[in-house]
Amino acid sequence: MNDETGVIHEAAEDLFLLLNKGYPRSSAITWVGNRYNLPREGRELLRRGIFSQTAALRRRAKKVRGAAWRSRLLVVDGHNVHITVESALLRRPLVVGNDGALRDIAALSARFRPGPTTQRVVDLVCGTLERFLSAQVRFYFDAPMSRSGELAGMYERCLKELGVPGWARAVAVPEQHFPARGCVIASSDRAVVDGCESWLDLARWVIDYHRLAHPAFDFSYLIHARPAPFLPRP
């Protein structure tokens with residue numbers, strides 16, 4: 001482990017401790033970032049990768065594993081999955097959070113535009129669904145984002161070409177279209193994961209299946225076997 005990696009993991013452990021003691025998340029990240037003199041990228045690793053014991057275990061409990069998701073309706077948080085896979089394809093840094101979710105740290109959501117690698121990512125995602133999914137899939141993309149209708153159209157065409165049952169749409173607020181029950185939500189967005197019944201880390205499935213990349217940091221180990229005695233009650 002090099003010095004920079006060691007510092008990040010020390011900072012992650014400190015942040016985990018503070019969150020478990022009930023410190024406000026934003027203030028705790030700022031304090032730890034300043035203490036270890038972390039650059040923006042290091043702070044984003046912590047922001048997207050470290051959560052309290054309570055939050056992490058709650059999300060892990062809802063994560064589907066194995067083949068359980070393959071015969072259920074799959075609802076995909078389109079931009080979230082697409083951007084994460086594209087980040088892997090372009091070798092951008094990724095992080096596995098202690099809540100079990102793979103995330104990119106590029107913070108591209110507001111600035112994302114389809115580009116030279118977009119069709120390749122569409123093919124990878126839809127190809128994975130063709131290989132594994134036996135039920136219907138619905139993609140929802142964030143309409144206010146630039147060229148979201150174009151991106152949704154690319155997915156819809158690819159699904160049809162591969163014979164995968166489902167469709168893709170660009171809508172104003174995708175989260176409002178996610179069913180509360182009776183489906184699996186494919187996303188690593190914290191608010192989406194917290195609000196759903198069960199979730200799938202589809203981007204991780206695609207990345208692992210096609211061997212695109214390995215996360216730069218893995219904080220999945222940062223969890224206690226049992227809740228620590230100082231944890232606040234949910």
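Here is a walk through this predicted model, from its nonpolar cores to its helix packing and then to a few loop residues.

Let's start on the inside. In soluble globular proteins, nonpolar side chains tend to be buried together. In this model the largest nonpolar core has 42 residues, and the members that touch the most others are Leu74, Leu129, Phe139, Tyr155 and Leu202. Quite a few elements put two or more residues into this core: the strands β1 (74-77), β2 (94-96), β4 (137-142) and β6 (184-186), along with the helices α5 (78-89), α6 (118-132), α7 (148-162) and α9 (202-209). The top contributor is α6, which supplies seven residues.

For a feel of how one of those well-connected members sits, take Leu74. Ignoring neighbours within four places in sequence, Leu74 contacts Leu129, Leu133, Leu200 and Leu202, as well as Trp69, Gln136, Val137, Arg138, Val184 and Ala186. A separate core of 20 residues lies apart from the big one, and Ile8, Ala28, Ile29 and Val32 are among its members.

Three of those names lead straight to helix α2, which spans residues 25-35 and has Ala28, Ile29, Val32 and Gly33 as its buried residues. Look down the axis of α2 and these buried residues stay within an arc of 125°, so they line one face of the helix. Flip to the face turned away from that buried side and you find the exposed residues Ser26 and Arg35. After α2 comes Asn37, with a positive phi near 55°.

Now back to the helices that feed the largest core. Two packed helices are described by the angle between their axes and the distance between the axes. For α6 and α7, the axes come within 9 Å and cross at roughly 40°. Angles under 35 degrees would count as roughly parallel, so α6 ends up oblique to α7. The crossing is right-handed. On the α6 side, the residues that meet α7 are Thr118, Gln119, Val121, Val122, Asp123, Val125, Cys126, Gly127, Leu129 and Glu130, and on the α7 side their partners are Leu151, Met154, Tyr155, Cys158, Leu159 and Leu162. Leu129 and Tyr155 turn up here again, having already appeared among the core members with the most contacts to other members.

The other pair to look at is α5 and α9, whose axes are 9 Å apart and pack at an angle of about 30°. That angle makes α5 roughly parallel to α9. This crossing, too, is right-handed. Here Val81, Thr84, Val85 and Ala88 of α5 meet Leu202, Ala203, Val206 and Ile207 of α9.

Finally, some loops. Gly182 sits between β5 (166-171) and β6, and with a relative accessible area of 54% it counts as exposed. Sequence neighbours within four places aside, Gly182 is in contact with Arg72, Leu73 and Glu197. Its C-alpha atom is 13 Å from that of Ala68, though the two residues are 114 apart along the chain.

Two arginines are worth a look for their backbone angles. Arg147, in the loop between β4 and α7, has a positive phi of about 60° despite not being a glycine. Arg147 is partly exposed, at 41% relative accessible area. Arg211, in the loop between α9 and β8 (217-218), is another non-glycine with a positive phi, about 55° in this case. At 77% relative accessible area, Arg211 is exposed.

Terms used: Residues are numbered from 1 along each chain as its sequence is written. This is a predicted model: local features need pLDDT of at least 70, side-chain atom pairs count only at pLDDT 80 or more; totals for chains, interfaces and linings use all residues. Side-chain values use heavy atoms; hydrogens and water are left out. A nonpolar core is a set of buried Ala, Val, Leu, Ile, Met, Phe, Trp, Tyr and Cys residues joined through side-chain atoms within 4.5 Å. Buried means under 20% relative accessible area, exposed over 50%, partly exposed in between (1.4 Å probe, protein chains only). Helices (H or I, at least four residues) and strands (E, at least two) are DSSP runs, numbered from the N terminus. Contact means heavy atoms within 4.5 Å. The arc is that of the directions from the helix axis to the C-beta atoms. Axes are lines fitted to C-alpha atoms, for helices over the stretch in contact, and angles run from 0 to 180 degrees between N-to-C directions. Angles under 35 degrees count as roughly parallel, over 145 as roughly antiparallel, 65 to 115 as roughly perpendicular and the rest as oblique. A crossing is left-handed if the near helix is turned anticlockwise from the far one by less than a right angle, and right-handed if clockwise.
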